[in-house]
Amino acid sequence: MNDDLCGSRMVHKDKVVLAKAQDLREGEVEGLSKLLKLIAEPGRLRIIHALDKQEMCVCDLAALLNVSESAVSHQLRLLRTSDVVEKRREGTVLYYRLKNNRLQELIDLGLSILNYPCVIENY
């Protein structure tokens with residue numbers, strides 16, 4: 001027997017009405033989905049985490065991630081065009097930092113969920 005099927009075979013209209021009233025708006029769904037996809041890539045996630053602690057240049061980030069500066073530049077371009085990071089020039093060096101430190105709160109929340117005793121590894 002499949003536990004995911006509704007045993008009552010009856011729609012609980014009051015629950016559906018309440019859920020619809022509390023549902024996310026279309027723009028919120030699209031925006032949040034894009035944000036989560038953006039930070040879901042391991043390299044970008046590590047860049048965001050590093051930039052929460054301090055601003056860094058491309059070569060520092062490349063050394064941290066053990067990848068080429070070109071690979072880091074590509075990820076930073078995506079983060080910059082998504083308005084997640086900003087840059088500051090000091091002479092010939094560009095330093096990057098997070099525009100919104102609330103992303104680290106999202107990462108911390110994700111880590112706390114991972115550390116919560118559950119069956120996430122079976123997902």
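## The second largest pocket

Let's start with the second largest pocket, whose lining is made up of Leu35, Leu38, Ser82, Asp83, Val84, Asn100, Arg102, Leu103 and Leu106. The model here is a predicted one, and the volume computed for this pocket is about 160 Å³. By residue class, the lining holds five nonpolar, two polar and two charged residues.

Which elements supply at least two residues each to this lining? Helices H2 and H6 do, and H6 gives the largest share, with three residues.

## Three residues of that lining

Some members of this lining deserve a visit of their own. Leu38 belongs to helix H2. Is Leu38 buried or exposed? Its relative accessibility is 11%, so Leu38 counts as buried. Along the chain, Leu38 and Glu28 are 10 residues apart, and 15 Å separates their C-alpha atoms.

Arg102 sits in helix H6. With a relative accessible area of 54%, Arg102 is exposed, whereas Leu38 is buried. The C-alpha atoms of Arg102 and Met10 lie 41 Å from each other, and the two residues are 92 positions apart in the chain. Asp83, another lining residue of the second largest pocket, is placed in the loop between H5 and strand S2 (85-90). We will come back to the backbone of Asp83 further on.

## The largest pocket

The largest pocket encloses about 330 Å³ of space. Two elements each give two or more residues to its lining: helix H2 (26-40) and helix H6 (102-114). The lining residues are Leu36, Ile39, Ala40, Leu45, Leu106, Ile107, Gly110, Leu111 and Leu114.

Which element gives the largest share of this lining? That is H6, with five residues. Eight of the lining residues are nonpolar, one is polar, and none is charged. In the second largest pocket, by contrast, two of the lining residues are charged. Leu106 appears in the lining of the largest pocket and also in that of the second largest pocket.

## Helix H3

Helix H3 covers residues 42-53, which makes 12 residues. From its first C-alpha to its last, H3 reaches 17 Å, close to the 16 Å expected at 1.5 Å a residue. At the start of this helix, the backbone nitrogen of Gly43 has a side-chain oxygen of Glu41 within 2.8 Å.

Which residues of H3 are buried? They are Gly43, Arg44, Ile47, Ile48, Ala50, Leu51 and Asp52. Arg44 and Asp52 are thus among the buried residues of H3, whereas Arg102, over in H6, is exposed.

## A polar contact involving Gln104

Gln104 is another residue of helix H6. Its relative accessible area is 4%, so Gln104 is buried. The side chains of Gln104 and His49 make a polar contact at 3.1 Å.

## Two cysteines without a bond

How many disulfides does the model have? The count is zero. Cys57 takes part in no disulfide, and the nearest cysteine sulfur, which belongs to Cys59, is 3.0 Å away. Why is there no bond between Cys59 and Cys57? The closest cysteine sulfur to that of Cys59 is in Cys57, and because the distance is 3.0 Å, it is too far for a bond; the cut-off applied is 2.5 Å.

The two residues also fall into separate classes of accessibility. Cys57 has 7% relative accessibility and counts as buried, while Cys59, at 40%, counts as partly exposed.

## Positive phi in two loops

Most residues other than glycine have a negative phi. Where does Asn66 lie? Asn66 is in the loop between helix H4 (58-65) and helix H5 (69-81), and its phi is near 60 degrees, a positive value in a residue other than glycine. Asn66 counts as exposed, at 71% relative accessibility.

Asp83 brings us back to where we began. Its phi is near 65 degrees, again positive in a residue other than glycine. This residue lies in the loop between H5 and strand S2, and it contributes to the lining of the second largest pocket.

Terms used: Residues numbered from 1 in each chain as written. Predicted model: local features only at pLDDT ≥ 70, side-chain atom pairs only at ≥ 80, totals over all residues. Heavy atoms only, no water. 1 Å grid on protein atoms, 1.4 Å probe; cavity = no way out; pocket = protein on both sides within 12 Å on 5 of 7 lines; lining within 4 Å. Points joined across faces, edges and corners; volume = space filled by probe spheres on them. Helix = DSSP H or I, 4+ residues; strand = E, 2+ residues; numbered from the N terminus. Nonpolar A, V, L, I, M, F, W, Y, C, P; charged D, E, K, R; others polar. Expected span 1.5 Å × (residues − 1). Buried < 20%, exposed > 50% of the residue type's maximum accessible area, 1.4 Å probe, protein only. Polar contact = N/O pair within 3.5 Å; in protein donor to acceptor, adjacent residues only side chain to side chain.
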